[in-house]
Amino acid sequence: MTVTAVTPSTSATAHTTAPVGSPMADAYTRLAEAFDGLRIVERAAHEPAPRGAGWVGADELAAGGAALDAFLDWDDAQVLRDYGLQARPDVVASFGLHRYAWPACLLFTVPWFLSRRVPRLPAAQVAFHRTLGRMAVHVEGFACLPDDPAAALPGARVVPDEEALREEVRAAVAQHLGPVLEGFGPRMRRGRRALWGMVTDEVVESLWYAGRLLGEEHRAMAELEALLPGSTAPYTGGAGFRTLAGPNGEELPTRDRASCCLFYTIRPEDTCVTCPRTCDADRLTRVRGSRPAAAASG
């Protein structure tokens with residue numbers, strides 16, 4: 001199955017004006033222009049994080065209590081509505097984590113990819129509205145390179161080179177999603193390695209998709225190969241791109257996921273295009289007929 005990670009609503013009224021001098025504004029705006037399924041709204045320090053009316057804080061998901069229960073109720077109802085069967089609780093939790101982590105990874109990877117800036121966003125600084133396709137964030141600090149004009153801004157942390165900046169991406173994603181995994185983990189019946197394999201896939205496949213929409217797919221793939229070469233704990237595996245030869249000699253990119261979305265428990269015959277269970281012949285047929293691919297699997 002393929003589904004978009006979030007669904008935008010034309011009735012959304014949340015403001016989209018970033019705080020004055022925001023170093024992330026350009027990157028988040030470009031993402032919104034290319035991908036109408038997600039809007040990242042920056043809030044100033046004095047603005048409270050949105051709560052209620054469909055909003056959930058990442059810290060609430062990390063706590064693993066009533067807010068997470070309510071969040072997963074949406075996934076449970078969606079499977080029952082769309083497929084007419086009750087999913088196992090661990091499958092519901094896996095779908096829910098995917099649908100949060102996929103857009104959450106873009107908070108970090110898109111400004112790195114487009115502006116060479118990496119925000120630090122602890123869970124308490126991010127809220128998510130899945131039906132509006134909104135994430136509200138407050139960026140207090142970020143990393144950048146020495147020649148970046150933003151290096152003089154408050155909250156900037158200058159790192160020496162591209163590899164150091166890649167390490168900032170890996171660390172920032174882990175800082176944010178590590179606690180979220182603690183909340184989801186007990187419900188998912190997966191070990192630590194499998195959970196971080198899922199994060200690896202979300203990092204890669206969300207930016208791969210965004211890069212395609214931005215017209216920079218091949219650069220996104222190259223950047224992801226450098227970001228996740230396969231030996232960067234806690235991440236499991238690497239970007240792992242490979243190419244398939246099409247019938248007319250064209251090269252079509254693919255990869256094998258490090259984790260399983262468990263959709264086979266709903267429809268055994270319908271696997272994700274990057275699932276190791278999907279043979280290359282089926283991948284070719286599906287990729288050639290559906291590019292750009294849907295935002296995520298699950």
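Start with contacts along the chain. In this predicted model, contacts whose partners are 6 or more positions apart can be sorted by separation. Residues 24 or more positions apart account for 68% of them.

Next, the protein as a whole. It has 298 residues, and 54% of these count as buried, that is, under 20% relative accessible area. The accessible surface comes to about 12,400 Å². Carbon and sulfur atoms hold 53% of that surface. The secondary structure consists of eight helices and eleven strands.

Now turn to one sheet. Three strands form it, and the sheet is open. The order is β4-β7-β8, and the pairing is mixed. Which strands sit at the edges? They are β4, residues 117-120, and β8, residues 156-158. Each of these two pairs on one side only. From one strand to the next, the twist averages 25 degrees.

Look closer at β7 and β8. Strand β7 covers residues 141-144. It runs parallel to β8, and three bridges join the two. What is the bridge partner of Cys144 in β8? It is Val158.

A helix completes this part of the picture. Helix α5 spans residues 162-188 and packs on the sheet. It touches β4, β7 and β8. How does the helix lie relative to β4? The direction of α5 makes about 25 degrees with that of β4.

To trace this region in the model, begin at edge strand β4. Step to β7, then to β8. Then find α5, which packs on the sheet.

Conventions
Residues are numbered from 1 along each chain as its sequence is written. This is a predicted model: local features need pLDDT of at least 70, side-chain atom pairs count only at pLDDT 80 or more; totals for chains, interfaces and linings use all residues. Side-chain values use heavy atoms; hydrogens and water are left out. Helices (H or I, at least four residues) and strands (E, at least two) are DSSP runs, numbered from the N terminus. Buried means under 20% relative accessible area, exposed over 50%, partly exposed in between (1.4 Å probe, protein chains only). Contact means heavy atoms within 4.5 Å. Accessible areas come from the Shrake-Rupley method with a 1.4 Å probe; for residues, only the protein chains shown count as cover. Two strands pair if DSSP finds at least two bridges between them. Axes are lines fitted to C-alpha atoms, for helices over the stretch in contact, and angles run from 0 to 180 degrees between N-to-C directions.
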